[in-house]
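Okay, thanks everyone, I'll keep this short. Let me put the model up and then we'll walk through it.

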Amino acid sequence: MIEVKNLSVRYQEGDQAFLALKDIQLTFPDSGFISIVGRSGSGKSTLLNAMGGLGKPTEGAIIYNHENIYQKTDKELAKYRSENIGYIFQEFYLENTFTVYQNVEIALMVTKYPRNKRKEKIYSLLEKVGMLEKCNVNVGKLSGGEKQRVCIARALINGNSVILADEPCGNLDSYHGDIVMKLLEDLSKEGKLVVLVTHNLEDAKKTNRMIELRDGIVIKDENI
Amino acid sequence: MKIFDKINLIYKEIKQDKEDVIITIFVKMLLFSIILILIVITADLDSMFDRYLKESMPEVYYATMNNVEEKDIKELQKAGFYNIYIYCENISEAKLIYNNKVQKDISVDILSGEEELNQYEVVEGDKSYQSNNQECDLWVSYHLIGSNKFHVGEKLQLRDKDGKEIIGIIKGALKKCDEDTIYISFFSLSNNEEIGMRNYPYTMSANMKSIKNYDILKYKMRFKGKILKAGDLEEYFSFIFIAKGIFIGLSIIGLFLLISAINSLYSIRLEKRKKYIQMLYVVGLPKKTIKEIYNGIYIMCTLAAIIMAMVIAHGVIDYINFFLESRIQGMYISEKKLIYLAGMISIINVVLMKRSFSKRSGNS
């Protein structure tokens, strides 16, 4: 379970301070398919980054397994990210000069997974996301949908129980977008917590619960 | 992350943008070579001229200095001066009173101290000397002892032009003396607070072993109010000083360019790889490990650049030496300092890089 407690995030833009999130209180269960919606600048990505240990809040806490993640050291926070959180971004965050295999392997390098067992694990996940045939292809040559599937494989490779997806279908056509959404849905059914940030209400309606943000405040939190 | 995986990522990072890595190494190699050559020449300028002048004009290796004090002698000896002779022109005004008569035909001279005393054969008495406010040690010409004019152990009265007096005790006779001269130990005089003779300006003349660091010594002495002059060598020193200044200036400019280039190249690289670094951070790599990967890349590029720069600098200096020696006998550059300099420069480099990466990782 992830608990967001009194979370506020303030950004400094020159002389002006901008409050991206204001005193957010939310609880996320161990599993489920939850969407966070809102206009641009409502604080969706900021909330997701805070939950994933990527951006220290100005006030408040993110509680995971009864621990405030922002009281951990840099090394412990990195471990939290590698072992518990899988990320999927709109811009993919893949290395174009690496192959599909190498991009997924990086996540296993981080957790010091034994080298002689990596191949089997990576192949199994690539097969699950339908990318096994292209495992030795440079990521730069893949389509958007294929890249996003590689991201999903990398997000799952360490058995991460939480998947944070920030506009995963933002750069995809509807066909590939649907494939990605289906994969995310299947993951939530497998017992993972999938948190989806989107401004696409059609995609949000495919989730079980929708949280709406406006100007850094939760204005709606309802089950679908 | 295991070391093998770190090396793997470093290798992939270098392979990812080979052109950028080659340009970085090339630029660093060029700047390192220039700086190495400049610094070696700057550091060796004194020796180069020393070798040249010793071959072509060995007779000019002497110097004079005014206002000499006892403490200056050791410093000059450390700087390679020898056959140091201290004299005082005015001391001839001191009068020797003997048997209540002024002995006009006896002159009084100053011994430069232990070194010069050691050049003389003491045929009677001993070489050790002492001094206090009222007495000092003297040595006399050998034939003055032989003629029974003076005796070892005898006390003589000396009076300077201002009327101050001191009792001199004849400690011995010196065989090498040509004139009828009484020698007073310089150190005896300089330790005597009350003696008017001590206030006379003493001058030194000495031979020089080499001209290395002469200019530094010269300005140090000038600061103390003493004029060190090396006669015919002075114009060469002016030239060396200007040449050193130019080379030091160029070395400093070169170092600034190198630092600037390092910072720029490193910043450009980090900016270019921002997304990749962000990706590594997101998948759970600690900042420390990311720094280690980029440190590794930086160290490899820098080492490669320095090794190549040393080879190039060696070659260039060999060529310069060939050119110099074919035209000016005795003038060449010593190359051994290159190795130590390369080590120093690489250490400075690594320190600068660490600071640059720390700043950027703080910003990102």
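One bit of vocabulary before anything else: when I say strand, I mean a DSSP run of E, at least two residues long, and the numbering starts at the N terminus. And please remember that this is a predicted model.

With that in hand, let's begin at a single residue in chain A. Ser35(A) sits in strand 3 of chain A, which covers residues 32–37. So, is Ser35(A) buried or exposed? Its relative accessibility is 0%, so Ser35(A) counts as buried; the cut-off for that is under 20%. What does its side chain do in there? The side chain of Ser35(A) makes a polar contact with the Thr207(A) side chain, at 3.0 Å. Leaving aside residues up to four places away in sequence, Ser35(A) also touches others, including Leu196(A), Ala204(A), Met210(A) and Ile211(A).

Now the interface. How many residues does each chain bring to the contact? It's 22 from chain B and 26 from chain A. The two chains bury about 2200 Å² between them, and carbon and sulfur atoms give 66% of that. On the chain B side, Met279(B), Val282(B) and Val283(B) supply 27% of what that chain buries against chain A, more than any other three residues.

There's charge here too. Two salt bridges are counted between chain B and chain A. Arg273(B) and Glu95(A) meet in a salt bridge through their side chains, 3.1 Å from N to O. We also get four residue pairs in polar contact across the interface, both partners at pLDDT 80 or more.

Which helices of chain B are involved? Helix 1 (3–16), helix 9 (274–282) and helix 10 (287–327) each give at least two residues to the side that touches chain A. Helix 9 of chain B has the largest share, with seven residues. By type, that side of chain B divides into 11 nonpolar, four polar and seven charged residues.

Last topic, confidence. The complex comes with an ipTM of 0.88 and a pTM of 0.67 from the predictor. Chain B has a mean pLDDT of 74, with 68% of its residues at 70 or more. Among the elements of chain B, helix 9 has the highest mean pLDDT, 89, and strand 4 (residues 101–102) the lowest, 50. Over residues 192–198 of chain B the pLDDT is below 50, though that stretch still has 28 contacts in the model beyond near neighbours in sequence. Where pLDDT is low, the predicted coordinates shouldn't be read in detail.

Definitions and conventions:
Residues are numbered from 1 along each chain as its sequence is written. Chains are lettered from A and ligands numbered from 1 in the order in which they are written. Side-chain values use heavy atoms; hydrogens and water are left out. Contact means heavy atoms within 4.5 Å. Buried area is the accessible area (1.4 Å probe) that two parts lose on being put together, summed over both. A salt bridge is a side-chain nitrogen of Lys or Arg within 4 Å of a carboxyl oxygen of Asp or Glu. A polar contact is a pair of N or O atoms within 3.5 Å; within protein, one must be able to donate a hydrogen and the other to accept it, and residues adjacent in sequence count only if both atoms are side-chain atoms. Helices (H or I, at least four residues) and strands (E, at least two) are DSSP runs, numbered from the N terminus. Ala, Val, Leu, Ile, Met, Phe, Trp, Tyr, Cys and Pro count as nonpolar, Asp, Glu, Lys and Arg as charged, and the others, Gly among them, as polar. pLDDT is the predictor's confidence in each residue, from 0 to 100. Buried means under 20% relative accessible area, exposed over 50%, partly exposed in between (1.4 Å probe, protein chains only).
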